[in-house]
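This report describes the secondary structure of one protein chain and the way some of its elements are arranged. The sequence and the structure are shown first.

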Amino acid sequence: MAINWYPGHMAIARKAAAESMRKIDLVIEVLDARIPHASCNPMFEALRRQGQRPALKLLNKADFADPEETRRWLQHYNAQPDVKAISLCAKRPKDIQRIPGLCQAMVPGRGTRLKPLRMMILGIPNVGKSTLMNGLLGRHVAPVGDEPAITKHQMLHSLGTGMTLMDTPGMLWKAMTQDVSYRLAATHGIGRAAYEDEDVAAYLADYLVRQYPALLTKRFGPLADNCDGHGLLEAIAQVRCLARKAGGLDIARAATTLLNEFRSGALGPISLETVEQMRLRSPYRDDLA
Ligand code: GDP
């Protein structure tokens with residue numbers, strides 16, 4: 001199944017972001033800590049590097065991610081020039097309070113009334129950008145919801161004296177590998193209308209069986225030897241007594257169950273990609289690894 005999702009307003013937003021990149025001092029990039037690489041829009045990362053703008057990379061939803069993998073991702077990003085990376089949970093005020101100081105430290109010559117620190121916030125849909133914006137500005141400026149793509153226009157906000165923050169719409173890009181699109185669908189970066197739950201759940205199940213068998217056993221009971229993704233969905237249907245009216249296991253409902261429980265964090269802290277996997281098969285381009 002091919003997931004293809006690139007609404008027209010995103011192409012317009014890309015053009016606007018390219019122009020804005022020239023007028024800012026720092027990019028704040030919000031990533032999903034479970035998929036830091038897949039949730040990085042390569043188009044904007046390329047624009048940022050071309051424009052030689054430093055980036056504060058925020059690995060958000062760290063409460064859902066595997067802490068060990070998050071540690072490795074932070075190490076990876078913090079070794080890059082002009083990049084500072086931290087993990088956080090945008091719902092925690094204490095985590096948000098750190099951000100202005102970190103931004104200020106990255107661009108020491110700016111941050112006064114005469115020379116404000118001009119920042120642009122980027123992030124694909126559903127990474128928690130609105131939650132972060134509302135927390136940073138201390139007021140409700142952006143609608144929050146667990147469905148992608150709400151903000152459609154750039155907005156400029158002032159963040160105390162000497163700092164401005166340009167908000168941008170959550171944007172995806174066109175040429176995306178299947179792996180990346182499945183990871184984005186699993187974490188809800190791509191809207192439900194673009195895929196079948198069963199396809200995405202099969203991808204997720206395969207990954208979880210290989211990487212997180214202990215968490216699955218804790219949640220759904222012991223797995224059969226050599227259990228694969230489909231076997232996991234069958235096991236879920238059995239354990240949760242999901243049967244079709246016509247008879248047989250209801251794999252479609254098992255798929256939805258697995259996706260819901262992964263997305264709500266009920267399965268435990270899980271990351272869907274590792275630094276090592278990214279290095280082995282860079283999903284986009286080597287220069288963005
Ligand atoms: P946006 O589309 O990037 O603006 O994302 P939103 O701010 O609307 O957030 C999408 C969903 O993720 C909402 O249900 C938020 O409550 C939730 N969310 C945002 N940040 C976090 C976080 O750090 N941890 C958890 N568990 N949920 C978060």
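The text below treats the chain as a whole, then its paired strands, and then a contact between helices.

**Overall features**

The model is predicted. Its chain contains 11 helices and six strands. Of the 289 residues, 55% count as buried. Among the contacts in the chain with a separation of 6 or more, 69% are made by residues 24 or more positions apart.

**Strand β1 and its partners**

Strand β1 covers residues 26-32, and seven of its seven residues are buried, so the strand is largely enclosed by the rest of the structure. In a regular strand, side chains alternate between the two faces of the sheet. In β1, Leu26, Ile28, Val30 and Asp32 point one way, while Val27, Glu29 and Leu31 point the other way. Both sets are buried, including the charged residues Asp32 and Glu29.

Strand β1 pairs with both β4 and β2, and β2 pairs in turn with β3. The table lists these pairings.

| Strand pair | Sense | Bridges |
|---|---|---|
| β1 (residues 26-32) and β4 (residues 117-123) | parallel | five |
| β1 (residues 26-32) and β2 (residues 55-60) | parallel | six |
| β2 (residues 55-60) and β3 (residues 83-87) | parallel | five |

Individual residues mark the register of these pairings. Glu29 of β1 has Leu122 in β4 as its bridge partner. On the side of β2, Leu31 stands opposite Leu59. From β1 the chain passes through helix α2 (residues 42-50) to reach β2, and this β-α-β crossover is right-handed.

Between β2 and β3, Leu56 stands opposite Lys84. Here the chain runs from β2 through helix α3 (residues 67-78) to β3, in a β-α-β crossover that is right-handed.

**Helices α6 and α7**

Helix α6 spans residues 178-186 and helix α7 spans residues 197-211. Their axes come within 9 Å and cross at roughly 105°. Angles of 65 to 115 degrees count as roughly perpendicular, and α6 is therefore roughly perpendicular to α7.

On the α6 side, the contact involves Asp179, Tyr182, Arg183, Ala185 and Ala186. These residues meet Asp199, Val200 and Tyr203 in α7. The residues of this contact divide into five nonpolar, no polar and three charged. The charged residues are Asp179 and Arg183 in α6 and Asp199 in α7.

Conventions: Residues numbered from 1 in each chain as written. Predicted model: local features only at pLDDT ≥ 70, side-chain atom pairs only at ≥ 80, totals over all residues. Heavy atoms only, no water. Axes fitted to C-alpha atoms, helices over the stretch in contact; angles between N-to-C directions. Helix = DSSP H or I, 4+ residues; strand = E, 2+ residues; numbered from the N terminus. Parallel < 35°, antiparallel > 145°, perpendicular 65-115°, else oblique. Contact = heavy atoms within 4.5 Å. Buried < 20%, exposed > 50% of the residue type's maximum accessible area, 1.4 Å probe, protein only. Pairing = 2+ DSSP bridges. Right-handed = clockwise from strand over helix to strand, strands pointing away.
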